[in-house]
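Trainee: May we go through this model together? I would like to begin with the aromatic residues and then move to charges and cysteines.

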Amino acid sequence: MGDTQHCLVPNCSNKPYAPAGTGVACKEHFLDFLKWRRKRGAQMFSKYAAMTMPERDVVATEWVKAVAVE
């Protein structure tokens, strides 16, 4: 990952870790993203895997709205 990438969550300055849609999340927020998807139902993992990147971006954007940065 390049130095210009940063976590999708606003005001988060942690190092990029893993993809969330076409963007990336830091390790803490990526794990929160996985938990959030799991809470939405077990089938969400299968559905997410079959989504296109633009569809995944919509899901990631929805998640970012639900995240509170401390």
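**Aromatic pairs, charges and cysteines**

Mentor: In this predicted model, the count of aromatic pairs comes to 4.

Trainee: How are the planes of Phe 33 and Trp 63 arranged in their aromatic pair?

Mentor: The pair is tilted, with 50° between the planes and 4.9 Å from centre to centre. Phe 33 belongs to helix α1 and Trp 63 to helix α3 (residues 53-66), so that the pair links distant parts of the chain, 30 residues apart.

Trainee: Are Phe 33 and Trp 63 buried or exposed?

Mentor: Phe 33 is buried, at 0% relative accessibility. Trp 63 is buried as well, with a relative accessible area of 1%.

Trainee: Which residues do the ring pairs link into a cluster?

Mentor: The cluster consists of Phe 33, Trp 36, Tyr 48 and Trp 63, linked by ring pairs.

Trainee: What else is in contact with Phe 33, apart from its neighbours within four places in sequence?

Mentor: With those neighbours left aside, Phe 33 is in contact with Ala 20, Tyr 48, Val 59, Ala 60 and Trp 63.

Trainee: And how many Å lie between Phe 33 and Lys 15 in space?

Mentor: From C-alpha to C-alpha they are 16 Å apart, with a separation of 18 residues in sequence.

Trainee: Let us turn to charges. Where is Arg 37?

Mentor: Arg 37 is in helix α1, which covers residues 27-39. Arg 37 is buried, yet it has no salt bridge.

Trainee: Which side chain of opposite charge is nearest to Arg 37?

Mentor: That is Glu 62, 11 Å away. A salt bridge requires a nitrogen-to-oxygen distance within 4 Å.

Trainee: What, then, does the charged end of Arg 37 sit over?

Mentor: It sits over the ring of Phe 33, 5.2 Å from the ring centre. Arg 37 also lies over the face of Tyr 48, at 3.8 Å from the centre of that ring.

Trainee: Which residues does Arg 37 contact beyond four places in sequence?

Mentor: Arg 37 is in contact with Met 44, Phe 45 and Tyr 48 once its neighbours within four places are left aside.

Trainee: How many salt bridges does the structure hold?

Mentor: It holds 1 salt bridge. The side chains of Arg 40 and Glu 62 meet there, with 3.5 Å from N to O. Arg 40 lies in the loop between α1 and α2 (43-50), whereas Glu 62 is in helix α3, so the pair ties together parts 22 residues apart in sequence.

Trainee: Are those two partners buried or exposed?

Mentor: Neither label applies: Arg 40 is partly exposed, with a relative accessible area of 40%, and Glu 62 is partly exposed at 38%.

Trainee: Now the cysteines. How many disulfides does a search of the whole structure find?

Mentor: The search finds 0 disulfides.

Trainee: Why is there no bond from Cys 7 to the closest cysteine sulfur?

Mentor: The closest cysteine sulfur, in Cys 12, is 3.8 Å from that of Cys 7, which is too far for a bond. The cut-off for a disulfide is within 2.5 Å.

Trainee: And what is closest to the sulfur of Cys 12?

Mentor: The closest cysteine sulfur to that of Cys 12 is in Cys 26, at 3.7 Å, again too far for a bond. Cys 7 is buried at 2% relative accessibility, and Cys 12 is buried at 11%.

Trainee: Which residues does His 29 contact, leaving aside neighbours within four places in sequence?

Mentor: His 29 is in contact with Cys 7, Val 9, Cys 12, Trp 63 and Val 67. His 29 lies in helix α1 and is buried, with a relative accessible area of 6%.

Trainee: One more topic, the backbone. What is the phi of Asn 11?

Mentor: The phi of Asn 11 is near 70°, a positive value in a residue other than glycine. Most residues other than glycine have a negative phi.

Trainee: Where is Asn 11 placed, and is Asn 11 buried or exposed?

Mentor: Asn 11 is in the segment before β1 (16-20). Asn 11 is exposed, with a relative accessible area of 75%.

Technical notes. Residues are numbered from 1 along each chain as its sequence is written. This is a predicted model: local features need pLDDT of at least 70, side-chain atom pairs count only at pLDDT 80 or more; totals for chains, interfaces and linings use all residues. Side-chain values use heavy atoms; hydrogens and water are left out. Helices (H or I, at least four residues) and strands (E, at least two) are DSSP runs, numbered from the N terminus. Buried means under 20% relative accessible area, exposed over 50%, partly exposed in between (1.4 Å probe, protein chains only). Lys and Arg count as positive and Asp and Glu as negative; His and the chain ends are not counted. Contact means heavy atoms within 4.5 Å. Rings of Phe, Tyr and Trp (its six-membered ring) pair if their centres lie within 6.5 Å; planes under 30 degrees apart count as stacked, over 60 as edge-to-face and the rest as tilted. A charge sits over a ring if NZ of Lys or CZ of Arg is within 6 Å of the ring centre and within 35 degrees of the ring normal.
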